[in-house]
Amino acid sequence: MKKYDVTALGELLIDFTENGKSNQGNSLFEANPGGAPCNVLAMLTKLGHETAFIGKVGNDFFGKQLKAALEETGIDSAWLQMDDEVHTTLALVHTFEDGDRDFSFYRNPGADMMLAEDEIPEELIENSKIFHFGTLSMTHEGVRAATKKAIRLAEEAGVLISFDPNLRPPLWKSLDDAREQVLYGLGHCQILKISDNEIQWLTGKDDYTEGVQWILERYEIPLILVSMGKEGSRAYYKGMIVESAPFLQENTIETTGAGDTFCACVLHYICDHGLSDLTKENLKEMLVFANAAASLITTRKGALRVMPRKEEVEALLLSRQ
């Protein structure tokens, strides 16, 4: 038996999200714990799974705040490194009227980039059912080598590998470099969660199914999920295509963490049902739950500390029947 259901590697940072105006008319920002891999783990923990995180923050005020947030949410933080020289990475999130976002990063360098190969815990990865990663831990040479070592260890141990590109163009020296690392991820995963704009950018195909076909002609990925924002989501599995409508919320604040919440719910379903013999009914059930959970997070500021409980998702599903 594996001790951990899902272990993730990557960035843990502070998302400064807009939260109104001061008396002087200046924008106010709220310091929310964030970072896609940990958002995924936070939702999985809410769903009852054992999770662990591999990453690095600064040994500063924000780093200590982030470590406390992991412990508060129940994510095992034993493998979170604290850097004495490089500060915690910060992201300023500007939210548009439709809830979409624009990011500005303070990361030149940031502590998450400082994770080294010799800091990758082999026993932890071997003791996990699923290993999850993205590309923010592949933007620079040192942390890229650490990520690839973790992937190699997961493959050697027969651990399922989940990949979400989570493309953030401002963090790359060039989009050609980003593309190279995304393609590396595609070659080393069994579960791929990719957004609508990412698949169009990567494949040059406007039609999502054509984009998925482009990927499958080059890589053997058993389960591909395409998150399509206000259009819902799709699952591609063994020649089957299953689509699920979105749960649109009237009180959406922002979309931060929606894709991570969706991804977590997919991994939750795979932890419970495996990846070998899913039916159309299974895929539909998985997508409906994931869409519902993702819609709930759009009604809240931040993500990591405010992930919905299973009961909240189920209540939403009942209300929409």
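Helix 5 (175-186), strand 10 (191-195), helix 6, strand 11 (223-227) and strand 12 (233-237) are among the elements that cover the buried residues of helix 7. Bear in mind that this is a predicted model.

Which residues of helix 7 are buried? They are Tyr208, Gly211, Val212, Trp214 and Ile215. Look down the axis of helix 7 and these buried residues fall within an arc of 155°, so they line one face of the helix.

Helix 6 is one of the covering elements, and its contact with helix 7 can be spelled out. From helix 6 come Asp196, Ile199, Gln200, Leu202 and Thr203, which meet Tyr208, Gly211, Val212, Trp214 and Ile215 in helix 7. Sorted by class, that contact has six nonpolar, three polar and one charged residues. The crossing of helix 6 and helix 7 is left-handed.

Another helix pair sits further along the chain numbering: helix 9 (residues 280-297) and helix 10 (residues 310-319). Here is how the two pairs cross.

| Helix pair | Axes come within | Crossing angle |
|---|---|---|
| Helix 6 (residues 196-203) and helix 7 (residues 208-216) | 9 Å | roughly 55° |
| Helix 9 (residues 280-297) and helix 10 (residues 310-319) | 9 Å | roughly 105° |

Angles of 65 to 115 degrees count as roughly perpendicular, so helix 9 and helix 10 are roughly perpendicular to each other. Helix 6 and helix 7, by contrast, are oblique to each other.

And who meets whom in the perpendicular pair? Helix 9 brings Val288, Phe289, Ala292, Ala293, Ser295 and Leu296, while helix 10 brings Lys310, Glu312, Val313, Glu314, Leu316 and Leu317. By class, the contact of helix 9 with helix 10 has eight nonpolar, one polar and three charged residues.

Notes. Residues are numbered from 1 along each chain as its sequence is written. This is a predicted model: local features need pLDDT of at least 70, side-chain atom pairs count only at pLDDT 80 or more; totals for chains, interfaces and linings use all residues. Side-chain values use heavy atoms; hydrogens and water are left out. Axes are lines fitted to C-alpha atoms, for helices over the stretch in contact, and angles run from 0 to 180 degrees between N-to-C directions. Helices (H or I, at least four residues) and strands (E, at least two) are DSSP runs, numbered from the N terminus. Angles under 35 degrees count as roughly parallel, over 145 as roughly antiparallel, 65 to 115 as roughly perpendicular and the rest as oblique. Contact means heavy atoms within 4.5 Å. Ala, Val, Leu, Ile, Met, Phe, Trp, Tyr, Cys and Pro count as nonpolar, Asp, Glu, Lys and Arg as charged, and the others, Gly among them, as polar. A crossing is left-handed if the near helix is turned anticlockwise from the far one by less than a right angle, and right-handed if clockwise. Buried means under 20% relative accessible area, exposed over 50%, partly exposed in between (1.4 Å probe, protein chains only). The arc is that of the directions from the helix axis to the C-beta atoms.
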